[in-house]
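Please open the structure in your viewer and keep the selection panel at hand, as this tour goes from one selection to the next.

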Amino acid sequence: MTEPGGYRLERDIEAYLDEASALHGAIFDRPWSRDALQDLLVMSGTDGAVILSGAREPAFAGFVLFQCIGDFAEILTLAVLPDHRGRGLGRILMQQALECARDTGAAKLLLEVQDGNLPAIQLYESLGMTAFDRRRNYYRTADGSHADAILMQLFFDN
Ligand SMILES: CC(C)(COP(=O)(O)OP(=O)(O)OC[C@H]1O[C@@H](n2cnc3c(N)ncnc32)[C@H](O)[C@@H]1OP(=O)(O)O)[C@@H](O)C(=O)NCCC(=O)NCCS
């Protein structure tokens, strides 16, 4: 599916696990290896999507991993390469997860996000998600300090 700006959505995330793992490792303090991502994809209901840029030689620009199982859907991780941010790609990736949640008849979508991660929190709020809880000191950051996790949810009318 071609998106505005020459980007393309790709559902075969298995073909891009090296790129996804490298991006995850560059952004997050607890990086997920290629094997860890592969293991997640073996879990029931886990799926994802990738955004590629450029028509002739498509290059990896970001990805989302989510799980839709039973009443619940959950965002496992979401990331866009810094050079491609602010172009609507995070929203497009999130919409894939929302579509999966609706298709499987989930009652709600859940995720956790580090306190203070305003780009992500504002993206989630713009999609109708609301914060409902906080896990104190959930994340350990690279400098050894801790940060809270904010839990967010979105209910679906099925
Ligand atoms: C969060 C992230 C995925 C957003 O991706 P993106 O492609 O830049 O987002 P989009 O361009 O689709 O923006 C969608 C909305 O997000 C919000 N947003 C995005 N960047 C923002 C910023 N720098 N400041 C505030 N809000 C921002 C806005 O609400 C925006 O909507 P708008 O364009 O109508 O104003 C990206 O910043 C990222 O990869 N961050 C590092 C990884 C991360 O934090 N992942 C989330 C873990 S829970």
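**Starting at the ligand**

Select the ligand to begin with, and you will find that it sits in the largest pocket. Keep in mind while you look that what you have open is a predicted model.

Next, colour the elements that give two or more residues to the shell around the ligand, which are strand E5 (72–80), helix H3 (89–103), strand E6 (108–114) and helix H4 (118–126). Which element gives the largest share of this shell? If you select H4, you have the answer, since five residues of the shell come from H4, and that is the largest share.

Now show the shell itself, which holds 20 residues around the ligand, and pick out Leu78, Val80, Gly88, Gly90 and Asn117, the ones that come nearest. If you then colour the shell by residue class, you should see it divide into 11 nonpolar residues, five polar ones and four charged ones.

**Contacts with the ligand oxygens**

Zoom in on Gly88, where a polar backbone atom lies 2.8 Å from an oxygen atom of the ligand. Move on to Gly90, which likewise has a polar backbone atom 2.8 Å from a ligand oxygen. Then select Arg85, and look this time at the side chain, where an N or O atom is 3.5 Å from an oxygen atom of the ligand. With these contacts in view, consider the surface of the ligand as well: taken alone the ligand exposes 920 Å², and the protein buries 72% of that.

**Stepping back to the whole protein**

Zoom out and switch to a cartoon view, in which the secondary structure comes to four helices and eight strands. Following the chain from the N terminus on, you can trace the elements in the order β-β-α-α-β-β-β-α-β-α-β-β.

Finally, select the C-alpha atoms of the protein, which fill a box of roughly 45 × 45 × 30 Å along the principal axes. The radius of gyration of the protein is 15 Å, and this agrees with a compact globule, because such a globule with 158 residues would have a value near 15 Å.

Notes:
Residues are numbered from 1 along each chain as its sequence is written. This is a predicted model: local features need pLDDT of at least 70, side-chain atom pairs count only at pLDDT 80 or more; totals for chains, interfaces and linings use all residues. Side-chain values use heavy atoms; hydrogens and water are left out. A residue is near a molecule or strand if one of its heavy atoms lies within 4 Å of it. A polar contact is a pair of N or O atoms within 3.5 Å; within protein, one must be able to donate a hydrogen and the other to accept it, and residues adjacent in sequence count only if both atoms are side-chain atoms. Accessible areas come from the Shrake-Rupley method with a 1.4 Å probe; for residues, only the protein chains shown count as cover. On a 1 Å grid over the protein atoms alone, a cavity is a set of points where a 1.4 Å probe fits but cannot get out, and a pocket is an open set with protein on both sides within 12 Å along at least five of seven lines; lining residues have an atom within 4 Å of a point. A molecule sits in a cavity or pocket if more than half of its atoms lie within 2 Å of its grid points. Ala, Val, Leu, Ile, Met, Phe, Trp, Tyr, Cys and Pro count as nonpolar, Asp, Glu, Lys and Arg as charged, and the others, Gly among them, as polar. The radius of gyration is taken over C-alpha atoms; the globule rule is 2.2 Å times the number of residues to the power 0.38.
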